[in-house]
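This report looks at the nonpolar cores, the aromatic pairs and the pocket of one model. The sequence and structure are shown below.

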Amino acid sequence: MSEKPAHPLAVRATDVATRNTPSSYPSPFAERMAGREKRQLGNVFGLSNFGVNLTTLAPGAQSALMHRHSRQDEFVYVLQGTATLRTDQGDVELSEGMCAGFPHGGLAHQIVNRSDEPVTYLEIGDRTPGDEGTYPEDDIKAVMGEDGKWRFTHKDGTPFAS
């Protein structure tokens, strides 16, 4: 008789609970993620090398601050709605069935919902320890620790007030 697997073999993505906190960013940046719902699909299966999120943005919501990663590659695939991909080279509309990829060290990017309908997409990224996030439009810097958690400071290295 085989043991029960530690994680499910398959689930309906929309049955996965939404993440409890809207963002890991410190205040006042976390509040800018209002209207974003993430279902951490990769975590359900115990994935540790990469993450997969089913993300929905309400009208007017944004995916993240405009950012780029030093080590992490990212990929998005739009399932429903029309989103605007903002980059430091301009904006591109992403409609259903479109995808975009962001190699580490490449363009700063962000997805925003400028439409009147929700936008749902898959986002996939690796979980490379030591990854750094840089934010060209905001005074924030991120470093991923060995524990897989982001540590945030101002760009000059000073911590955010608690």
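## Nonpolar cores

In this predicted model, the largest nonpolar core has 12 residues in all, namely Leu57, Ala61, Val76, Val78, Ala83, Leu85, Leu94, Ala100, Phe102, Ile111, Val119 and Tyr121. Strands S4, S5 (83-87), S7 (99-102) and S9 each supply at least two residues of this core. A second, separate core of 11 residues has Met33, Leu65, Tyr135 and Ile140 among its members. In soluble globular proteins, nonpolar side chains tend to be buried together.

Val78, one of the residues of the largest core, touches Leu94, Ser95, Glu96, Gly97, Met98, Thr120 and Tyr121 when residues up to four places away in sequence are not counted.

## Aromatic pairs

The count of aromatic pairs comes to 3. In one of them, the ring centres of Phe29 and Phe160 are 5.8 Å apart and the planes stand at 85°, which is over the 60 degrees required, so the pair is classed as edge-to-face. Because Phe29 lies in the segment before S1 and Phe160 in the segment after S12, this pair ties together parts that are 131 residues apart in sequence.

Both partners fall under the 20% limit for buried residues: Phe29 has a relative accessibility of 8%, and Phe160 has a relative accessible area of 16%. Elsewhere in the description of aromatic residues, Tyr25, Tyr135 and Phe152 form one cluster, and Tyr135 also belongs to the second nonpolar core.

## The largest pocket

The largest pocket holds about 1,000 Å³ of space. It is lined by 37 residues, of which Arg19, Lys38, Asn53, Met144 and Trp150 are the closest to its centre. By residue type, the lining divides into 16 polar, 12 nonpolar and 9 charged residues.

Several strands contribute at least two residues each to this lining, namely S1 (36-40), S2 (50-57), S4 (74-80), S8 (109-112), S9 (119-126), S11 (141-144) and S12 (150-153). Strand S9 gives the most, with 4 residues, and S9 also supplies at least two residues of the largest nonpolar core.

## Lys38 at the pocket

Is Lys38 buried or exposed? Although charged by type, Lys38 counts as buried, because its relative accessibility of 13% is under the 20% limit. Lys38 is placed in strand S1, and, leaving out residues up to four places away in sequence, Lys38 touches Ala17, Thr18, Arg19, Asn53, Leu54, Thr55 and Glu123. Arg19 and Asn53, two of these contacts, are likewise listed among the residues closest to the centre of the largest pocket. From C-alpha to C-alpha, Lys38 and Met98 are 19 Å apart in space and 60 residues apart in sequence.

How values were computed: Residues numbered from 1 in each chain as written. Predicted model: local features only at pLDDT ≥ 70, side-chain atom pairs only at ≥ 80, totals over all residues. Heavy atoms only, no water. 1 Å grid on protein atoms, 1.4 Å probe; cavity = no way out; pocket = protein on both sides within 12 Å on 5 of 7 lines; lining within 4 Å. Points joined across faces, edges and corners; volume = space filled by probe spheres on them. Core = buried A, V, L, I, M, F, W, Y, C linked by side-chain atoms within 4.5 Å. Buried < 20%, exposed > 50% of the residue type's maximum accessible area, 1.4 Å probe, protein only. Contact = heavy atoms within 4.5 Å. Phe/Tyr/Trp six-rings, centres within 6.5 Å; stacked < 30°, edge-to-face > 60°.
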